[in-house]
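Below are some questions and answers on a single protein chain. Look over the sequence and the fold before reading on.

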Amino acid sequence: MSRRVLSCCQWCGREIAESEIGRRRRYCRQSCRQRAYEHRNSVKGTGIPEDSVVLSAQEVSDLSDRWFAARCAAEDVATAVAEGAEMVELADLTATLVALTREAERLR
């Protein structure tokens, strides 16, 4: 049975390796499934939409830091292109940029 990445965890944003048969997984692990359940129950009756994402101040700060690092990496790529950098350097910079943006995608 072959496996391939089809989706991201609806709680933490990690990539989920899916099999080609069966229903798609929504969560990467049982702990993410449990956290999502707890979140859904905590917002019941509050007027907050069930599919909302509620982040702590620390999580917001961490997310902001990850996006700042990704923006800086993008600016490094733009500077390198403008200065006519070698392909090897551009490849390294873009690999760093991709890694940082993948990390920035995570909400938690």
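Q: At 39% relative accessibility, does Glu-75 count as buried, partly exposed or exposed, and what does Arg-71 count as?
A: The model is a predicted one. Buried means under 20% and exposed means over 50%. Glu-75 has a relative accessibility of 39%, and Arg-71 has 42%. Glu-75 therefore counts as partly exposed, and Arg-71 likewise counts as partly exposed.

Q: How far apart are the closest N and O atoms of Glu-75 and Arg-71?
A: Both residues belong to helix H2, which covers residues 57–82, and they are four residues apart there. That spacing separates Glu-75 and Arg-71 by about one helical turn. In an α-helix, residues three or four places apart point the same way, because there are 3.6 residues a turn. Glu-75 and Arg-71 form a salt bridge, and their closest N and O atoms lie at a separation of 2.8 Å.

Q: How many salt bridges does the structure hold, and which residue forms one with Arg-35?
A: The structure holds two salt bridges. Arg-35 sits in helix H1, three residues from its partner, about one helical turn away. Arg-35 is partly exposed at 35% relative accessible area, and the partner is partly exposed at 37%. The closest N and O atoms of the pair are 3.0 Å apart, and the partner is Glu-38.

Q: Where around the axis of H1 do its buried residues lie?
A: Helix H1 runs over residues 30–42 and has 13 residues. From first C-alpha to last, H1 reaches 18 Å, close to the 18 Å expected. Its buried residues are Cys-32, Ala-36 and His-39. They cover an arc of only 60° around the axis, so they lie on the same side of H1.

Q: Which residues make up the largest nonpolar core?
A: In soluble globular proteins, nonpolar side chains tend to be buried together. Cys-12, in the loop between strand S1 (3–8) and strand S2 (15–19), is buried, with a relative accessible area of 6%. The largest nonpolar core has eight residues: Cys-9, Trp-11, Cys-12, Ile-16, Tyr-27, Cys-28, Cys-32 and Ala-36.

Q: How many residues does the other core have?
A: This other core lies apart from the largest one. Val-77, Leu-90, Leu-93 and Leu-97 are among its members. Its residues number six.

Q: How many disulfides does a search of the whole structure find?
A: A disulfide needs two cysteine sulfur atoms within 2.5 Å. Cys-28 is buried at 17% relative accessibility, and its sulfur is 3.6 Å from the closest cysteine sulfur, in Cys-12, too far for a bond. Cys-8 is partly exposed at 39%, and its sulfur is 8.6 Å from the closest cysteine sulfur, in Cys-9, also too far for a bond. The number of disulfides found is zero.

Q: What distance separates the C-alpha atoms of Cys-12 and His-39?
A: Cys-12 is in the loop between strands S1 and S2, while His-39 is one of the buried residues of H1. Cys-12 and His-39 are 27 residues apart along the chain, and their C-alpha atoms are separated by 13 Å.

Q: How many Å separate the centres of domain 1 and domain 2?
A: The protein is divided into domain 1, residues 1–49, and domain 2, residues 55–107. Taken over C-alpha atoms, the separation of the two centres is 26 Å.

Technical notes. Residues are numbered from 1 along each chain as its sequence is written. This is a predicted model: local features need pLDDT of at least 70, side-chain atom pairs count only at pLDDT 80 or more; totals for chains, interfaces and linings use all residues. Side-chain values use heavy atoms; hydrogens and water are left out. Helices (H or I, at least four residues) and strands (E, at least two) are DSSP runs, numbered from the N terminus. The expected span of a helix is 1.5 Å times one less than its number of residues. Buried means under 20% relative accessible area, exposed over 50%, partly exposed in between (1.4 Å probe, protein chains only). The arc is that of the directions from the helix axis to the C-beta atoms. A salt bridge is a side-chain nitrogen of Lys or Arg within 4 Å of a carboxyl oxygen of Asp or Glu. Domain bounds come from an automatic or database domain assignment. A nonpolar core is a set of buried Ala, Val, Leu, Ile, Met, Phe, Trp, Tyr and Cys residues joined through side-chain atoms within 4.5 Å.
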